[in-house]
Every structure is written in structure tokens, then in C-alpha cells.
Amino acid sequence: MSEDSENEEKKAQASSEAESQAQTSNEEKSSTETISISPSAPQPQKPKTTPMIGKPIGTPVTPRPTSTPIVKPAAQTQTPVVGGPASTPVASRPVGTPVVGTPRPSVGTPVGTMGPIVGTVTPRPGIASLAGVSAPGGAPKLPPSKPPESKVEVSRRNFIKGLAIVGGLVAVGSFVPLFPYLEASVGVGTATPDLPVVVNPNVAQNQLVPLKPADVGSLNSIDPNSSYFQYPYIVGNTNANADSFVQCVLIRMPAGFNGEGYSVTDTSTGDQYIAFSRVCVHLWCLWSYNTNDPRGPVGACPCHGSTYVPGSGTYPKTPSFSNQAPGTAVAGPASLQTPPNNMLPIIQLTIVDGSFHATGRVGVVGCGQKC
Ligand code: FES
């Protein structure tokens, strides 16, 4: 072998060894290289390593060091790949930087920011204190005008006024002395101090002509032994004198009858007289005295037939009527009522200067004797 051929073999061997070393170095680099990508600066893409296809089995592959963590920050996903237009890094939007572009219309008034008020601020009704306060625009506020009332409101107000007036009248009327009128209607059993006369019913109203015993049974009564009169009698008040509850009857007692203390005797004739309320104690009809009744001298009510006796006496045709107290109901529904509702109220009489005077009442009109 020549010296030249030896040199060529050495060069070939050295070249082969150099290639082998370079290949080995590249393999080690590719296997042990740690991925380290800066999140802030894009890294140029490294050439892909040649896959180890066809590598002879048994060639040791340098494992990745386990201690080296693969740091892959979240920003890496946003890191574009350099090399194309799509890989241009998108600059993150700094906080507080206004968005460039067409701003969205704001909804409502920003908090703390108030734009100018356009127009006139209309104050709410009833807020009169705002009158005179200038609006931001400079225009003075007008005093609030009173809204017009509806018909319903006017009607309600008039109704309330009417109630107030009626209530006031009732309150005032409660203090008006109505006693004389009430007494004229229902009466009380109190003797008047001046011994009012029993007004002669045959004389015109408003003339205090006393009734005398000789006048009993004349003109105004259907019976010759009785006369109607009013007690109490109110001069000039024809309505009160016409009230049923003041209607009375004065009776000349039949011979042999006894008034048991409620009758008055005319000393000039010896006749006895007694007076009753004409209001039936049953249902308040006006009864009348009739000495011509077939049963005897009785007071008869035309409504339901209640019958009263003028005094204690004898009734030959109706013995059950005998010996009953004056004014006792002896027949009809009033006789079925329990005492004192079965007896007529009695008007107490006296004779002064030849004429009758009423001194009081025994019982309550419409109720009964001694009620
Ligand atoms: S009202 Fe007189 S009997 Fe009935």
C-alpha cells in the first residue's frame, strides 16, 4: 500500500467519525433539550427534529430530566406562531384603555354624572315648597296648579258636608226642650201646680173654658153621661191636642157605682165623676163610653172588642163585669192581659169653683193603670 492510499483511508475514517459524532450530538441535543419559551417574547420555531424512525433498537434514548418542569404558561396559548399573518401577536388590552371603535350607547345616566336637564321640570302636585326654586336650566318653577276635581269627588264632598250639617242639627236638637211636646204625646203622671182646667170640648180651641159638671154629655159625646177632653191640654197647639195619647173621657158614674178613691163628687148634685185615658191598653185604639150598651154601662173599644167598666158596680146581664175596679178590662183581648196592663190609666180630678181640674194621672197611657 502506498502512502497516498493510507492518507485517503485516514481522511475517510476521520470524516466518518466526524459525521458519527455530529449525529450523536444532534440526537443528544434533541432528546435533552428543555422547552423554554418566554411568555413575553415569541420564539422562532425550531426545526422539527427528525423522528426516530428506523433507529436501531437498543439505541439508548436520553430521557427527559424529570426534575425539569415543563413550564407552559397560560399565555403560551395566546402566543402565536411566528411565521404567518395569523401569528401576529395580539396585544393584550390594558385595563382602563378605552375600546377603540364605535362605543355602545350608554344605558341610563351614569352614576354621579348628570347631564343637562332639557325642558322644564314639572313639580309633583302638592309639593308647594318647591315653588320659586330654579331648575338647573334657569327657568323658575311655577307654583303647582290644583288638579280639577271630578264630579265624584265633588259629590263625595257635598255628601260629607251634608252629614256634618245633619249631625250638627241632631246634636243641637238634643238640647232643645222637647219635653212639652213629648208630654203632650205620651204624658206623665205628674200634677201641674196650677190645676189646669179640664177644657170644655164644646168651646173652640185656644179658649180655656173649664168644663163644668152640667156640661158633661153635651154635644161632643155620643153618650149623655160622658165628655171627651185632652190632658194635658196645650194652648194654641191644636196638633198636640189632637194626639191620641192625650185623649181622655170624663164619665158621670152610674148610680150605685163606686170609684174607689179615683172619683170626684159634685157636692151640688151628689153625682160622682171619674176620668180615664181613652187609649185602649190592647193596641191603642180609642174606646168610647156607652151607657146604652146591652151589657150595661161600659167602655167599648171598636177595634177588638175590649170592654172596660167605669167603676165597681153590679151588672145584672153580665155578672162577670160586676165589682171590678174602675177601668178594668172585663171582656176582649185587653182583659186577658196581666195587671196592670188590663186596666185603663186614670186621670185624677178635682172640682174647683164648680169646674173640673185635672191634678194628675195614675198609670201610663197605652200601658195600663199603675204602670
Ligand atoms: S185596640 Fe182596643 S181592643 Fe184591641
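This tour proceeds from the whole chain to one sheet and then to the nonpolar core of a predicted model.

**The whole chain.** Begin with the entire chain coloured by secondary structure, which comprises 4 helices and 10 strands. Followed from the N terminus, the elements appear in the order α-α-α-β-α-β-β-β-β-β-β-β-β-β. Of the 371 residues, 22% count as buried. Among contacts between residues at least 6 apart in sequence, 50% join residues at least 24 apart.

**The open sheet.** Next, select β5, β6, β7 and β8, the 4 strands of an open sheet; they are arranged as β5-β6-β7-β8, with antiparallel pairing. At the edges stand β5 (288–290) and β8 (329–331); each has a single partner strand, so one side of each is left without a neighbour in the sheet. Strands of a sheet pair through backbone hydrogen bonds.

Now restrict the selection to β5 and β6 (residues 298–300). These antiparallel strands are joined by 3 bridges. Display Ser288 here: Ala300 in β6 stands opposite this residue.

**The nonpolar core.** Which residues have the most contacts inside the largest nonpolar core? Select Cys248, Leu250, Ala275 and Ile347, which hold that position in a core of 43 residues. The elements giving two or more residues to this core are β2 (247–252), β4 (272–277), β8, β9 (346–352) and β10 (355–362). Strand β8 thus appears for a second time, having been visited as an edge of the open sheet.

**Around Cys248.** Finally, centre the view on Cys248. Leaving aside residues up to four places away in sequence, Cys248 touches Tyr228, Phe229, Gln230, Tyr231, Ala275, Phe276, Ser277, Arg278 and Ile347. Among these neighbours, Ala275 and Ile347 were already selected with the core.

Note on methods. Residues numbered from 1 in each chain as written. Predicted model: local features only at pLDDT ≥ 70, side-chain atom pairs only at ≥ 80, totals over all residues. Buried ≥ 20, exposed ≤ 12 C-beta atoms within 10 Å, placed from the backbone. Contact = placed C-beta atoms within 7 Å. Pairing = 2+ DSSP bridges. Core = buried A, V, L, I, M, F, W, Y, C linked by C-beta atoms within 7 Å.
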